[in-house]
Amino acid sequence: MNWLVRGGFMSSVNEKSGDRRIRRTKRIFKTHFISLIREKGYKNVTVTDIVGRADYNRSTFYLYFKDKEDLAEELVTEVLDELNKSFRRPFEDTMIVDYKLILPTSNTFFQHIYEHKYFYGLLKLEDTIPGFREKFLNKFKEIFYAITYINNENKEINLDHFNTYKMYGSYGVLLEWIEGGCIKSPEEIAENLLEIFKTKEILFKLK
């Protein structure tokens with residue numbers, strides 16, 4: 001009986017250890033894949049390039065991915081799913097968020113992008129992962145269209161195109177930050193965007 005329990009325990013440990021090795025190996029492939037795309041463009045990257053840079057053999061690559069398209073699909077899906085989670089993480093315990101109570105340092109959304117800026121830098125490449133820009137924009141829409149804006153009387157704002165205006169404005173700020181190399185810190189860009197959101201324009205002038 002003791003041997004069976006111990007045997008089961010060891011099996012569980014080995015499985016977890018194996019899972020870690022798989023994640024580590026796949027992460028190495030993905031890291032070098034991103035680097036190669038930045039250097040020579042997506043179309044010019046081959047599986048041979050990837051395994052050579054990662055210092056693995058082709059059989060190891062094909063153990064985890066069918067081809068470079070499969071690798072690209074998993075990479076994009078994985079990071080964009082984390083983008084969604086990072087946006088929601090600070091607000092998991094609340095239904096209504098007051099702009100005045102949001103601290104820039106708590107904005108894990110911008111922190112996620114900053115930590116993955118090497119990957120998100122692929123957005124500005126002409127020869128990038130096919131469909132990446134569209135998937136990024138769609139994920140951004142999914143995140144922002146789940147928001148219901150409320151005015152000072154706690155009533156929903158139902159103006160036509162209001163969410164679209166907010167979403168594309170935020171998207172533009174984000175792209176500008178990424179294309180500039182994320183020079184500003186996540187806290188600075190979050191604070192800047194929050195100030196934009198809180199600003200109420202009652203007049204405008206032309207230069």
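Is R20 buried, exposed or partly exposed? Select R20 in this predicted model and display its surface: with a relative accessibility of 48%, R20 counts as partly exposed, because the exposed class begins over 50%. R20 lies in helix α1, which spans residues 2–40, and together with R21, R23, R24 and R27 it forms a positive surface patch.

Before going further, colour the whole chain by secondary structure, where nine helices and zero strands appear; of its 207 residues, 35% count as buried.

Next, select K30 and E74, whose side chains meet in a salt bridge with an N to O distance of 3.0 Å. This pair links distant parts of the chain, since K30 belongs to helix α1 and E74 to helix α4 (residues 68–88), 44 residues apart. K30 is buried at 6% relative accessible area, whereas E74 is partly exposed at 24%. Adding K26 and E78 to the selection shows the network of salt bridges that links these four residues.

Move then to K40 and D49, another pair joined by a salt bridge, again at 3.0 Å from N to O; K40 is partly exposed at 34%, and D49 is partly exposed at 21%.

In helix α7 (residues 132–144), select K139 and E142, which are three residues apart, about one turn of the helix. Their salt bridge has its closest N and O atoms 3.5 Å apart, with K139 buried at 12% and E142 partly exposed at 44%.

Finish at S170 in helix α8 (residues 162–179), a residue buried at 1% relative accessible area, whose side chain reaches the backbone oxygen of K166 at 2.9 Å.

Terms used
Residues numbered from 1 in each chain as written. Predicted model: local features only at pLDDT ≥ 70, side-chain atom pairs only at ≥ 80, totals over all residues. Heavy atoms only, no water. Patch = residues over 30% accessible without salt bridge, like charges linked within 9 Å, V, L, I, M, F, W, Y side chains within 5 Å. Areas by Shrake-Rupley, 256 points an atom, 1.4 Å probe, with all protein chains shown as cover. Lys, Arg positive; Asp, Glu negative; His and termini not counted. Charge placed at Lys NZ, Arg CZ, Asp CG, Glu CD. Helix = DSSP H or I, 4+ residues; strand = E, 2+ residues; numbered from the N terminus. Buried < 20%, exposed > 50% of the residue type's maximum accessible area, 1.4 Å probe, protein only. Polar contact = N/O pair within 3.5 Å; in protein donor to acceptor, adjacent residues only side chain to side chain.
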